[in-house]
Amino acid sequence: MSRINSIRNGCRDVFHAFLVKNANYDSLLEIPCLKLETQKPNKVISFTKALRSTEYDAWVHFYEDDANFERLWNKPHVYLPILKKFKGVISPDFSVYRDMPLVMQYWNIYRSRAIAHWLQENGGVRDPKHSLWR
C-alpha cells in the first residue's frame, strides 16, 4: 500500500510517503526496515542543541520531548543538511506511552522508522540504535 500511495499524481503527500520510497517493510503494518549499523557513538548531542552547534564530532540523538523534533517530521528537507554535518544520527523515537491508544503507538513507531529510513537513503546517516536492538 505505501508504495502505491507514494506515486499518486496530483495528491498532497499528507502522510509523507516520500520518506519510505524504496523501503522494505516488516509485518502487515508495513513498518519500514532499517539498515544495521556497527559503529557506536563516542559523543552525542541532542537535536535541539545540534541545530545551534558548530562542533560536528558528535552523533545527534532525539532523546528529548517530541515537541522539540516534531519539526523534523514536518520539514525533513530543512534539517537534512544540518544532520549530515555530524558523524551520525541516532534515529528519532517518537513517544510511545502505555496509556496511549495502540493505533497512536503504531503511528509513532512508523514515523520514527520512516524518518530513519529517509535519513539513511539521503546521505548514509547512520543509526547504531537499531543494531543494538538486534
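**Close-up views of the predicted chain**

K43, E55 and D57 are linked in a network of salt bridges (a side-chain nitrogen of Lys or Arg within 4 Å of a carboxyl oxygen of Asp or Glu). This is a predicted model, so local features need pLDDT of at least 70 and side-chain atom pairs count only at pLDDT 80 or more, while totals for chains, interfaces and linings use all residues. Residues are numbered from 1 along each chain as its sequence is written, and side-chain values use heavy atoms, with hydrogens and water left out.

**View 1. The whole chain, to get your bearings.** The protein chain has six helices and five strands; helices (H or I, at least four residues) and strands (E, at least two) are DSSP runs, numbered from the N terminus. Going along the sequence, you meet them in the pattern α-β-β-β-α-β-α-α-β-α-α. Of the 134 residues in the protein chain, 44% count as buried (under 20% relative accessible area, with exposed over 50% and partly exposed in between; 1.4 Å probe, protein chains only). About 8300 Å² of the protein chain is exposed, and carbon and sulfur atoms supply 54% of that (Shrake-Rupley method with a 1.4 Å probe; for residues, only the protein chains shown count as cover). Look at contacts (heavy atoms within 4.5 Å) between residues at least 6 apart in sequence, and 64% of them join residues at least 24 apart.

**View 2. The E55–K43 salt bridge, part of the network in the opening line.** Here the side chains of E55 and K43 meet at 3.4 Å, N to O. E55 sits in the loop between α2 and β4 and K43 in the loop between β2 and β3, so the pair ties together parts that are twelve residues apart in sequence. E55 counts as exposed at 52% relative accessibility, whereas K43 is partly exposed at 37%.

**View 3. An open sheet of three strands.** The strands run in the order β3-β4-β5, and the pairing is parallel. At the edges are β3 (44-46) and β5 (88-89), each pairing on one side only. Strands of a sheet pair through backbone hydrogen bonds, either parallel or antiparallel. Zoom in on β4 and β5 and you find them paired in the parallel sense over two bridges (two strands pair if DSSP finds at least two bridges between them). W59 stands opposite G88 in β5.

**View 4. H61, a histidine in β4.** H61 belongs to strand β4, residues 59-61. With 13% relative accessibility, H61 counts as buried. Leaving aside residues up to four places away in sequence, H61 touches V44, I45, S46, F47 and I90. A polar atom of the H61 side chain lies 3.0 Å from the backbone nitrogen of Y63.

**View 5. S53, tucked into a loop.** You'll find S53 in the loop between α2 (47-50) and β4. S53 is buried, with a relative accessible area of 17%. Its contacts, not counting residues up to four places away in sequence, are I45 and F86. S53 and I82 are 29 residues apart in sequence, yet 9.6 Å apart in space, C-alpha to C-alpha.

**View 6. The buried side of helix α3.** In α3 (residues 66-74), D66, F69, L72 and W73 are buried. They cover an arc of only 100° around the axis, which puts them on the same side of α3 (the arc is that of the directions from the helix axis to the C-beta atoms). The buried residues of α3 pack against α2, α4 (76-83) and α5 (102-121). At the N-terminal end of α3, D65 acts as a cap: one of its side-chain oxygens lies 2.8 Å from the backbone nitrogen of A67.

**View 7. Two salt bridges that involve helix α5.** The structure holds four salt bridges. In one of them, the side chains of R111 and E70 meet at 2.8 Å, N to O. That pair links distant parts of the chain, with R111 in helix α5 and E70 in helix α3, 41 residues apart. R111 counts as buried at 7% relative accessibility, while E70 counts as partly exposed at 26%. In another, E121 and K35 meet through their side chains at 3.6 Å, N to O. This pair also links distant parts of the chain: E121 is in helix α5 and K35 in the loop between β2 (31-32) and β3, 86 residues apart. E121 counts as partly exposed at 36% relative accessibility, and K35 is partly exposed with a relative accessible area of 47%.

Conventions
A polar contact is a pair of N or O atoms within 3.5 Å; within protein, one must be able to donate a hydrogen and the other to accept it, and residues adjacent in sequence count only if both atoms are side-chain atoms.
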